[in-house]
Amino acid sequence: MKAKRPGRNQKGQEGKKPDREPERGAFRTCLISRTVHPRAHLLRFGVDSLGWLAEDLAGSRPGRGVYIQPTRCHVAGLVQRRGLLRRLGSQLLLPEAGELQDRLSLALKRRMLDGIGLARRSRSLLLDVWEMERLVTEGVRPFLIVAEDAERSLCEDVATMTARHGVDNPTELFDQKQLGAACGCAAVAVLAILPGGALRRVRADATRWRTFYQS
C-alpha cells in the first residue's frame with residue numbers, strides 16, 4: 001500500500017511551503033539584461049487605458065508589468081524588441097524610443113522633486129546644517145542632498161561631517177532654485193531627509209535618476 005501524500009490541511013505536513021523570506025518580492029529581473037535588482041531601483045512599465053506602453057514609476061498601476069534597468073539603452077531596447085512584451089498583450093502600442101526617453105526624463109525629475117515635497121509635508125525635511133550635524137552625532141542617518149551649484153566650501157563641510165560620523169556621502173542633485181521650489185523656499189543648498197518612508201522613496205528615486213542621466 002502506497003503511503004498517503006501529505007495533504008494541504010494536515011498539521012505538521014511535509015508538503016507545507018516554507019515561510020516566505022521577508023525580502024522576497026523586493027527584487028525583480030530586468031527584462032532586457034535578465035539581471036536581478038531591487039525592485040525600487042528598476043523602472044516598471046505597464047499598459048495605459050488607451051493601450052500604450054506606459055511608465056509606472058510608483059509601481060502601482062494595476063495589471064501586468066515588466067521591469068528594466070533605468071538606462072536610456074534599456075528603454076530603447078524595450079520598444080525595439082516587441083517580442084519581449086508579449087505578456088502585456090499582442091495589441092500593445094509602442095512609442096518611439098526617443099519619445100519614451102524624453103518622457104521618462106521629465107517623469108523621473110518630477111517624481112524626485114515630489115518626493116522632497118512629500119518629505120517637507122511629513123516634517124521629515126531638515127534644512128539647518130547645524131541641526132543636521134547634531135542629529136548625525138546622535139546616530140540619526142538622514143539622506144543628504146546638496147545642490148549642484150552649492151558653494152564648494154559648503155560641500156566640503158558636509159563631506160567632512162558625513163565622513164566623521166559614518167554617514168553616506170551626500171547626493172548632488174538639481175540646482176538651488178529647484179531644490180528651493182520643492183522645499184517651499186527661494187533656494188536651498190543642502191537638505192536632509194530624516195529616516196522613514198519619505199527617505200526610502202527619495203533614496204530609491206535618486207538612484208534611478210542618477211543611473212538614467214549618467215547612461
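This report looks at a pocket, a group of aromatic rings and two cysteines in a predicted model.

## The largest pocket

Let's start with empty space. Rolling a probe the size of a water molecule over the atoms shows where empty space is left. Here, the largest pocket holds about 200 Å³ of space. Its lining is made up of 16 residues, and the ones nearest the centre are Arg39, Ala40, Leu57, Ala58 and Gly59.

Two elements each give two or more residues to this lining: strand S3 (43-47) and helix H6 (197-213). Helix H6 gives the most, with five residues. What kinds of residues line the pocket, sorted by class? There are eight charged residues, seven nonpolar ones and one polar one.

## Rings on helix H6

Helix H6 is also a good place to look for aromatic rings. Trp209 and Tyr213 both sit in this helix, four residues apart, which is about one turn. Across the whole structure there are three aromatic pairs. One of them joins Trp209 and Tyr213: the pair is tilted, with 4.3 Å from centre to centre and 40 degrees between the planes.

How do these two residues fare for exposure? Trp209 has a relative accessible area of 9%, so it counts as buried, since buried means under 20%. Tyr213 comes out at 33%, so it falls in the partly exposed group, between the 20% and 50% cut-offs.

Tyr213 has another partner too. Phe212 and Tyr213 make an edge-to-face pair, 5.6 Å from centre to centre, with 80 degrees between the planes. Phe212 is buried, because its relative accessibility is 0%.

## A cluster and a charge

Put the rings together and you get one aromatic cluster, formed by Phe174, Trp209, Phe212 and Tyr213. Tyr213 also has a charged visitor: the charged end of Arg72 sits over the Tyr213 ring, 6.0 Å from its centre.

## Two cysteines, no disulfide

How many disulfides does the model have? The count is zero. Take Cys30: the nearest cysteine sulfur belongs to Cys73 and is 9.7 Å away. A disulfide needs two cysteine sulfur atoms within 2.5 Å, so Cys30 is in no disulfide. Seen from the other side, Cys73 is in no disulfide either, and the nearest cysteine sulfur to it is that of Cys30.

Are these cysteines buried or exposed? Cys30 is buried, because its relative accessibility is 0%. Cys73 is exposed, because its relative accessibility is 63% and exposed means over 50%.

Key
Residues numbered from 1 in each chain as written. Predicted model: local features only at pLDDT ≥ 70, side-chain atom pairs only at ≥ 80, totals over all residues. Heavy atoms only, no water. 1 Å grid on protein atoms, 1.4 Å probe; cavity = no way out; pocket = protein on both sides within 12 Å on 5 of 7 lines; lining within 4 Å. Points joined across faces, edges and corners; volume = space filled by probe spheres on them. Nonpolar A, V, L, I, M, F, W, Y, C, P; charged D, E, K, R; others polar. Phe/Tyr/Trp six-rings, centres within 6.5 Å; stacked < 30°, edge-to-face > 60°. Buried < 20%, exposed > 50% of the residue type's maximum accessible area, 1.4 Å probe, protein only. Lys NZ or Arg CZ within 6 Å of the ring centre and 35° of its normal.
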